[in-house]
Amino acid sequence: MGASRRHRSYPRERHEPRRARDGRRPLPGDHPRAHRSRLDGSGRRRALPHPDRRTGDGGCRRGDAAGLREGGGMTALRLVEARWAERPVRMRLPFQFGSTEVRETAEAHASVTIEVGGKRETGRSAQLMVPRWFDKRASMSNADTIDELRTTVRTAVEKAPGLTGPAVAVSRDLRAEVAAALPDVPGLAAGFGPALLEMAVIDALCSAAKVPFWRAARDDLFGLAKDLPSDLNAEALSTSLSRIEAPRRISLRHTIGFDAPLRGQDVSAEARPDDLPVALDEVIARTGISGFKIKLKGDPAADLARLRDISGIVGGLPGLTVTLDANEQYATDAFAAFLDGLEKDAALAPIRAATRFVEQPFPRETALTERVSPPLPLIIDESDDSEEAFPRALELGWSGTSIKSCKGVLRALLNKARAEAAGAVLSGEDLTCQPGLCWQQDTAMMSACGVRDVERNGHHFAGGLQSTSPEERRHFAEAHPDIYLVANDATGLRIQEGAIDIQSLGVSGFGCETINLPPLT
């Protein structure tokens, strides 16, 4: 907002946290877990837009984003209302990761109303609530962790109304309030509800500006540039955002679970719920996918044997790419033994040559406590529970991080800039995204962040557009024919040669014109 213009007072305003000058991080007392002691007498805070935004409309069309900006660059908003609901999701195939087998869960849907530029706009979002990934404490059951995620969403919905400022400041303040309200919830889980609402705010803001997400991100409609963390300079962010392009096409990586069948001949008739592929060789034949994410168990001998079996199927594929994911299951010595076996086993040469990185081999509690120097690139995933995690990982020798909308879309844009400045890996990892709103928003984010390919097979384990109404399915199929294929009254992803055309994600809003969806119930 202009330096001479006084910030308008709204109901339930939050007070800005004490921040260091010149774009540095908040001072030590302003860690999200400490915000309860820094609230004003009403217990509320607000996010104040910075008065020193650069001028200009960032390249947006006149009458659209340019008309919403105050002081140039970012756009200030007021969060008026937030609601949420959930829809059941049942897996067509059981999926194992870490120590967890998932057969059913639920998808959280959110709706927010914002006031911006004197008008109100509604935004929507969706995320699958995945058991025992956000919180893997042994004392928590699958059901316990889903209830915990529900609590984070419920708390975010309760705390959101009244927040004001640019999107990035609203999101940070909401995260701080939820963390303060739920001090016993681990950071990754506590961020789920705020991330879901952040996505809906982004959708509403893009819809109000009548621009697609990629353009809003490129032109910094969200206000990232004037509230940078200390490790990232304005030039690096500006350069990174300027590289964002419209969505075109994205390649998929298929996740091979611990016990997922590899050959169709080994799948019994009882294990086939429908006519879709079940075994790995069937997925390859149907979709042409040549990128794979292979889950590890944390047992060197078992993991190497599994990789040998998989290599016999994928080793000769042209364009083969592989990533490995240990989901925090390896101890340091055991992981060294695994890497030694991977290097020396001649049968694993095709897998080894195609492997781009290993994802989060060590538990989040210890992963960022000491330096790493492995022969293969390592990236963090579960350890990425705050804006500070990725720069800390880079300092300790990690090669990159994964981005997921369930961690935060705005954090992903910051990490894109960090990765490009450092020459680090930025990977797209989220197998649980369900086709529909969740898939489209997450994929729009992945495309804007320029990821090489993305882990995508929630459609394989869950299938279809579960729990969507006929009206919603019709909208998705008609508005995004490049993404969806309708056959035998079922709607699935249109995967061709291992990739999906995604030009239709470049509509006004966040990957979807959600105004055309039925109201959230």
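# A tour from Phe222 outward

Start by selecting Phe222, and leave out residues up to four places away in sequence: Phe222 then touches Pro166, Ala167, Val168, Ile202, Leu205, Cys206, Phe213, Ala216, Ala217, Leu410 and Leu413. Keep in mind throughout that the model is predicted.

**The nonpolar core**

Next, add Phe213, Phe338 and Trp398 to the selection. Together with Phe222, these residues touch the most other members of the largest nonpolar core, which has 142 residues. Now colour residues 192-209, which make up helix 5; this helix supplies twelve residues, the largest share of the core. The core also draws on two domains, with at least three residues from each of domain 1 (77-226) and domain 2 (234-505).

**The whole protein**

Zoom out and show the cartoon. The protein has 17 helices and 15 strands. Of its 521 residues, 60% are buried. Among contacts between residues at least 6 apart in sequence, 74% join residues at least 24 apart. Switch to a surface view: the accessible surface comes to about 20200 Å², and carbon and sulfur atoms account for 48% of that area.

**Aromatic rings**

Return to the side chains and select Tyr330, Phe335, Phe338, Phe362 and Trp398, which form one aromatic cluster. Two residues from the core step, Phe338 and Trp398, appear here again.

In the structure there are ten aromatic pairs. One of them joins Phe476 and Tyr484, with ring centres 6.0 Å apart and planes at 50°, a tilted arrangement. Are these two residues buried or exposed? Phe476 is buried at 1% relative accessibility, and Tyr484 is buried as well, with a relative accessible area of 2%.

**Cysteines**

Select the cysteines next. How many disulfides does a search of the whole structure find? The search finds zero. Cys406 shows why: the closest cysteine sulfur to its own belongs to Cys433 and is 7.3 Å away, too far for a bond. A disulfide requires the two sulfur atoms to be within 2.5 Å. Cys406 is buried, with a relative accessible area of 6%. Select Cys512 too; this residue is buried, and its relative accessible area is 0%.

**A loop with two positive phi angles**

Move to the loop between strand 7 (321-325) and helix 10 (332-344), and select Asn327 there. Phi of Asn327 is near 45°, a positive value in a residue other than glycine. Glu328 lies in the loop between strand 7 and helix 10 too. Its phi is also positive, about 70°, although Glu328 is not a glycine. Asn327 is buried at 3% relative accessibility, and Glu328 counts as buried at 10%.

**Two glutamates on helices**

Select Glu282, in helix 8 (residues 280-287). Glu282 and Arg263 are 19 residues apart in sequence, and their C-alpha atoms are 7.3 Å apart in space. Setting aside neighbours within four places in sequence, Glu282 is in contact with Gly264, Arg272 and Pro277.

The last stop is Glu395, in helix 13 (residues 389-395). Measure out to Arg371 with the distance tool: the C-alpha atoms of Glu395 and Arg371 are 8.1 Å apart, while 24 residues separate the two in sequence. Is Glu395 buried or exposed? Glu395 is exposed, with a relative accessible area of 54%.

Methods. Residues numbered from 1 in each chain as written. Predicted model: local features only at pLDDT ≥ 70, side-chain atom pairs only at ≥ 80, totals over all residues. Heavy atoms only, no water. Buried < 20%, exposed > 50% of the residue type's maximum accessible area, 1.4 Å probe, protein only. Phe/Tyr/Trp six-rings, centres within 6.5 Å; stacked < 30°, edge-to-face > 60°. Core = buried A, V, L, I, M, F, W, Y, C linked by side-chain atoms within 4.5 Å. Helix = DSSP H or I, 4+ residues; strand = E, 2+ residues; numbered from the N terminus. Domains from an automatic or database assignment. Contact = heavy atoms within 4.5 Å. Areas by Shrake-Rupley, 256 points an atom, 1.4 Å probe, with all protein chains shown as cover.
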